[in-house]
Amino acid sequence: MASFFSDTISNPRFQLFATAVLSGATVASLLLGYQALERDERVSELKNSIPRDDSELQRLTSYGGSYVPPVDKEDARNQELARRAIAGDFDEELILEQLARNRVFLTPEGLEKLRNSFVVVVGCGGVGSHCAASLVRSGLSKVRLIDFDQVTLSSLNRHAVATLADVGTSKVHCLQRRLMAIAPWVQYDLRQEKFDGDVAERLLGPWAQDGRAPDFIIDAIDNIETKVALLKYCYDNKLPVISAMGAGCKSDPTRIVVGDIGTTKDDGLSRATRRRLKLLGVTSGIPTVYSTEAGGEGKAELLPLPEEEFQKGRVEQLAPMSDFRARILPVLGTMPSIFGLTVANHVILSITGYPLDYVPAKGRDRMYEGILGAVQGFEDKLARLTDGGDTVGLKVPLTLGEVSFLVEELYRSRSAITGIPTKLVLIRWRRPTSSSMKVLGEGKDVQKWSTLKLRDLVCMTKEEAIRHEKEIFRAGKPLEELYDAATIKNVEAKQREAQQYEAFH
């Protein structure tokens, strides 16, 4: 054994290999040491660049941003002027002169309504900042700004007033800081926090000083969950609200319109919002600003995440907060401003009573009622087949909003069998293997209801549904005997999608 080691060590090839290994290790050590020294120097430079005056240091928010930006001489002058103006020490004639063009357009009475109004802006990014700035310039005197986020470098391509000096500060404080230099008499209520349903009552509550309820609420949120929570709360509490839909991936300003939530199209955010609201019973009655521009070859689209991000693990952790988008949405800087100005224009005209030719929602409630009646009729006949008993008083657990969702959102207002868009109805796809009716109680207190779920229904023409009922329900034929494999596969995919949305039912 000793002889083996001796021979190995004395072997010239081994000595050459060992020398190479030691040399490589030495070089690696030197490189790592140099990199560590260079990193320490950069950290030291960064630390030395931080101001040492504690009076100017700002406590960070829970979102990692500054509450307020440092105050320079110009800010101090504007703040003092605003303090005096809000206290009443500002010439009314100067205010009226600044608002003279709006006063002539809206009439003195209309402008007075706007000046006495209180508006809440939820979301102070590209759309919300332009909207808020326009309202303040037009004469609004009380505004509540709600946004948890801070100004970033990437915000500057679309934010109304932010500058490089505002990067890292909260969006609500940035807006106040810049707008008070334009209209110092405006009163602000700044709420740097994330909106959701749990805090809706507090964030959308009256103005603290006089108890005035919001005259208008502006939804400039780009997150579906919080957007739906805001609109549902306003709808339920009869608070005037207007919602800005997606400006991302849009480039044609001539396609931006104001319309009812039930008429929105060609926009992913509005489609998802509309679906959720319909399942919550809201099918119309909320004005929105949206674009009818459709995507196409060569146009911007939601950017995919690089493959290496998926390899790292949970990609949802890349989002700024839970339930927020993790991927980058391309935004042309001009489009959010047009959305925001359109929202502000609608709010100003609505508050002042200026004539407004509002585009009416599609008159489809009567159609939904007819489809719901057809479902009731089909379920009644089916219950007689499966139960053979009395079906008087049978109720179907389906709302007009759910009918709207199934017909328009899931099946895009076309028959799943032939694609025909007229005389549409909803009917069960499969005959149930057990009873289709449940009964609770007896006598005059009896309650009967169908076991129907959203996932059970398919959209067909009236003629197709009559044939379907005859062959599938009465004759008991298998689906494969009536429909081809592609049709069955398509319907089953729609049913799985409907099942996902049952969670919002």
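**Exercise 1. A salt bridge between two helices**

Is Glu-225 buried, partly exposed or exposed, and what is its relative accessible area? Find also the partner with which Glu-225 forms a salt bridge, and place both residues in their helices.

*Solution.* Keep in mind throughout that this is a predicted model.

Step 1. The relative accessible area of Glu-225 is 37%, and since buried means under 20% and exposed over 50%, Glu-225 is partly exposed.

Step 2. The salt-bridge partner of Glu-225 is Arg-276, with 3.1 Å between the closest N and O atoms.

Step 3. Glu-225 belongs to helix α9 (residues 224–236), whereas Arg-276 belongs to helix α10 (residues 268–279), so the pair ties together parts that are 51 residues apart in sequence.

Step 4. Arg-276 has a relative accessibility of 15% and therefore counts as buried, while its partner Glu-225 is partly exposed.

**Exercise 2. Further salt bridges**

Determine how many salt bridges a search of the whole structure finds, and describe the bridges of Glu-471 and Asp-89.

*Solution.*

Step 1. Searching the whole structure gives 30 salt bridges.

Step 2. One of them joins Glu-471 to Lys-477, where the closest N and O atoms are 2.7 Å apart; Glu-471 is buried at a relative accessible area of 17%, and Lys-477, at 30%, counts as partly exposed.

Step 3. There is also a network, in which Asp-75, Asp-166, Arg-177 and Arg-178 are joined by salt bridges that share partners.

Step 4. The side chain of Asp-89 meets that of Arg-84 in a salt bridge with an N to O distance of 3.2 Å. Asp-89 is partly exposed with a relative accessible area of 46%, and Arg-84 also counts as partly exposed, at 33%.

**Exercise 3. Classifying aromatic pairs**

Establish how many aromatic pairs a search of the whole structure finds, and classify the pair of Phe-90 and Trp-185 as well as the pair of Phe-118 and Trp-207.

*Solution.*

Step 1. The search of the whole structure yields four aromatic pairs.

Step 2. For Phe-90 and Trp-185, the ring centres are 5.8 Å apart and the planes stand at 50°, so this pair is tilted.

Step 3. Phe-90 sits in the loop between α3 (73–86) and α4 (92–98), and Trp-185 in the loop between α7 (171–179) and β3 (187–191), so the pair ties together parts that are 95 residues apart in sequence. Phe-90 is partly exposed, with a relative accessible area of 24%, whereas Trp-185 is buried, with 7%.

Step 4. For Phe-118 and Trp-207, the ring centres lie 5.1 Å apart with the planes at 65°, so this pair is edge-to-face. Phe-118 is part of strand β1 (residues 118–122) and Trp-207 of the loop between α8 (200–203) and β4 (216–219), so parts that are 89 residues apart in sequence are tied together. Both Phe-118 and Trp-207 are buried.

**Exercise 4. The strands around β4**

Work out which strands pair with β4 in the parallel sense, and which way the side chains of β4 point.

*Solution.*

Step 1. β1 pairs with β4 in the parallel sense over four bridges, and Val-119 stands opposite Phe-216 in β4.

Step 2. Strand β5 (residues 241–244) also pairs with β4 in the parallel sense, over three bridges, and Ile-217 has Val-241 of β5 as its bridge partner.

Step 3. Phe-216 and Ile-218 point one way from β4, Ile-217 and Asp-219 point the other way, and all of these residues are buried.

Step 4. Together with α9 and β5, β4 makes a right-handed β-α-β unit.

Definitions and conventions. Residues numbered from 1 in each chain as written. Predicted model: local features only at pLDDT ≥ 70, side-chain atom pairs only at ≥ 80, totals over all residues. Heavy atoms only, no water. Phe/Tyr/Trp six-rings, centres within 6.5 Å; stacked < 30°, edge-to-face > 60°. Buried < 20%, exposed > 50% of the residue type's maximum accessible area, 1.4 Å probe, protein only. Salt bridge = Lys/Arg side-chain N within 4 Å of Asp/Glu carboxyl O. Pairing = 2+ DSSP bridges. Right-handed = clockwise from strand over helix to strand, strands pointing away.
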